[in-house]
Amino acid sequence: HVAFNCQGCEHFSTTRLDQLNYASQAAAAGDLGGIDAVRRRKVITIGLGTITYNPKCVALICAAGEAKARVVRDAIEEPAHVNYPATALHKLPGAA
């Protein structure tokens, strides 16, 4: 995800208070006191529309670990679609 914009987030979304999806809750559970604690929390996310609003925005897609390699590949190679939140960055002028 990009700034807590998980799979299914609209590419024109704005900054908002949101709840994590289950996959993100599970990933954060170890750091935030367990799954029950995470389910009760909300996150502030900078929407994809907010991020791409400025045409001078510079975005760098990176991730740590082999498990994230497919996510990075999809962000770069898949056509723009809500199933791949980072594909919203394709519309930036300097996107390669």
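**Ser13, its contacts and the cysteines**

Me: What makes the link between the side chains of Ser13 and Arg16 a polar contact?
Reply: The two side chains come to 3.5 Å in this predicted model. A polar contact is a pair of N or O atoms within 3.5 Å; within protein, one must be able to donate a hydrogen and the other to accept it, and residues adjacent in sequence count only if both atoms are side-chain atoms. So this pair fits. Also, a polar atom of Ser13's side chain lies 3.2 Å from the backbone nitrogen of Leu48.

Me: Why is Ser13 called buried?
Reply: Its relative accessibility is 11%, and buried means under 20% relative accessible area, exposed over 50%, partly exposed in between (1.4 Å probe, protein chains only). So Ser13 counts as buried.

Me: Which residue 34 places along the chain from Ser13 has its C-alpha 4.8 Å away?
Reply: That's Gly47.

Me: How do you know that Cys9 is in no disulfide?
Reply: Searching the whole structure turns up zero disulfides. For Cys9, the nearest cysteine sulfur belongs to Cys6, 5.7 Å away, while a disulfide needs two cysteine sulfur atoms within 2.5 Å. So Cys9 is in none.

Me: And what about Cys62, buried or exposed?
Reply: With 62% relative accessibility, Cys62 counts as exposed. Cys62 is in no disulfide either, as the nearest cysteine sulfur, that of Cys57, is 14 Å away.

Me: What goes into these values?
Reply: The model is predicted, so local features need pLDDT of at least 70, side-chain atom pairs count only at pLDDT 80 or more, and totals for chains, interfaces and linings use all residues. Residues are numbered from 1 along each chain as its sequence is written, and side-chain values use heavy atoms, leaving out hydrogens and water.
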